[in-house]
Amino acid sequence: MKKIIFALIVIALLFSFELKAETSPYHSLRYASTARTAGLAGAVVAIPNDAGTISINPASISTVSEKRFSASFIKHILDINSGNVAFIKEFEETGTFAGFVSYTSYGSFTRADKDGNQTGSFNSSDLNLSVCYSNELDSNFYYGVTAKYIYMNIDKYNSSAIALDAGLLYLIPNIRTNVGLSILNVGTQLSTFDGTKDELPLDIRLGVSHLLRGLPLLINFSLHHLADETDNFFDKFANFSIGGELYLGKYVQLRLGYDNHIRRYSAPSNEKKLAGLSGGLGLKLDDFNLDYSMSQVGVAATLHRFSLYLDL
C-alpha cells in the first residue's frame with residue numbers, strides 16, 4: 001500500500017508543476033510504434049502483455065508472457081517509411097530486459113543552391129536504439145525504465161541525443177482494470193545540427209484500461225502531451241485519446257480510436273473530416289499475431305501500420 005501511495009504522490013507532483021515540451025526535431029519519438037497502438041489512438045499506457053507498448057510504458061514488459069518479439073512497418077505520407085523491432089527476455093530473480101530499435105527514412109530531397117539551381121539530391125533519416133529494464137514493485141505493480149540513443153541525419157548534417165523513459169503499471173484483476181503512468185523522452189542532445197540546441201519532445205502520459213463485464217470490449221483512455229506548455233492548466237486535459245478493442249471470438253480483434261490532440265492541431269477548423277480517428281484489425285493465432293491499422297492524421301494524411309508478433 002505504501003508503494004501505491006508513493007506512485008499517487010508522484011502523479012500529483014507531475015500535475016503540480018508546469019513542465020515544458022518545446023518544438024523538437026525528434027518528434028519521430030512520438031510516433032505510435034505498432035499497429036495496435038495506432039488503432040487504439042495511442043491509448044495503451046495501461047495495457048499489459050503487449051511487446052509493442054515498450055515505447056509508451058516500459059513497465060509493461062514485465063507482464064508480457066508470450067509473443068515476446070514484435071516487428072512493425074509504418075507507411076507514412078509521401079515516401080516516408082518507418083520500421084521497428086522489439087524483443088523481450090525475462091531473467092528469473094533479476095527482472096525483464098528488452099531491446100527496441102526503430103528507423104525512419106524521410107526519403108530523397110532535391111538539393112538546390114540559393115538561386116534555385118538543382119545540384120543533386122540528399123536523404124534524411126533517424127535511428128532510435130533503446131534498452132529497457134522492468135520488474136515487479138509490489139503485487140501486480142510494475143515499474144520500468146528505458147535508456148535510449150537517438151541519431152538524426154539530414155544531408156551532411158547530423159545530431160544525436162540520449163534520453164530516458166520511466167513508467168508504472170498497476171493491475172487490478174478483481175475489477176478488470178489497469179492504471180498506467182509514463183514519462184517519456186527526458187534527455188539532452190549530445191551534438192547539434194548547426195550549433196543550435198534543440199529540446200527533446202518530453203511527454204507525460206496517464207491512462208486507464210478496463211475490460212467490460214459481460215461484453216468482450218476493452219476500453220482504454222489516456223491523457224498525453226501533459227508536459228506541453230498551455231495557456232492554463234486545464235487545457236492539458238484536452239490532450240486525450242480513447243480506444244476500444246472488441247474481441248470477436250478467440251482470434252479476431254476490431255479496434256477503433258480517437259486522438260483529440262491530433263484532431264485539434266493537425267487540420268484547419270473547417271476541414272477536420274476524419275482527423276484524429278483510427279481503426280484496425282488484429283488476428284491472434286497460436287504461432288503469431290498479425291495487426292493492421294489505419295489512422296487519419298490530417299485532411300490528406302493517412303498512415304498505415306502493419307505489426308507481427310512472434311514467440312522466439
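This report walks through the two largest pockets of a predicted model.

## The largest pocket

Let's begin with the largest pocket, which encloses about 760 Å³ of space. Its lining is made up of 30 residues. To find the middle of this pocket in the structure, look for Arg30, Tyr31, Ile262, Val297 and Leu303, the lining residues that lie nearest its centre.

Both helices and strands take part here. At least two lining residues come from each of α2 (35-39), α3 (260-265), β12 (277-284), β13 (288-296) and β14 (302-310). The top contributor is α3, which gives 3 residues. Sorted by class, the lining of the largest pocket holds 13 nonpolar residues, 12 polar ones and 5 charged ones.

## The second largest pocket

Next comes the second largest pocket, with a volume of about 550 Å³. Here 29 residues form the lining, and those closest to the centre are Arg36, Pro48, Asn49, Tyr247 and Lys284. By class, this lining splits into 12 nonpolar, 7 polar and 10 charged residues.

Several strands help to build the second largest pocket: β6 (157-172), β7 (177-191), β8 (203-211), β10 (240-248), β11 (252-259), β12 and β13 each supply at least two lining residues. Among these, β11 has the largest share, with 3 residues.

## Elements to look for in both

As you turn the structure, you can follow β12 and β13 from one pocket to the other. Each of these strands supplies at least two residues to the lining of the largest pocket, and each also supplies at least two to the lining of the second largest pocket.

Note on methods
Residues are numbered from 1 along each chain as its sequence is written. This is a predicted model: local features need pLDDT of at least 70, side-chain atom pairs count only at pLDDT 80 or more; totals for chains, interfaces and linings use all residues. Side-chain values use heavy atoms; hydrogens and water are left out. On a 1 Å grid over the protein atoms alone, a cavity is a set of points where a 1.4 Å probe fits but cannot get out, and a pocket is an open set with protein on both sides within 12 Å along at least five of seven lines; lining residues have an atom within 4 Å of a point. Grid points are joined across faces, edges and corners, and a volume is the space filled by probe spheres set on the points. Helices (H or I, at least four residues) and strands (E, at least two) are DSSP runs, numbered from the N terminus. Ala, Val, Leu, Ile, Met, Phe, Trp, Tyr, Cys and Pro count as nonpolar, Asp, Glu, Lys and Arg as charged, and the others, Gly among them, as polar.
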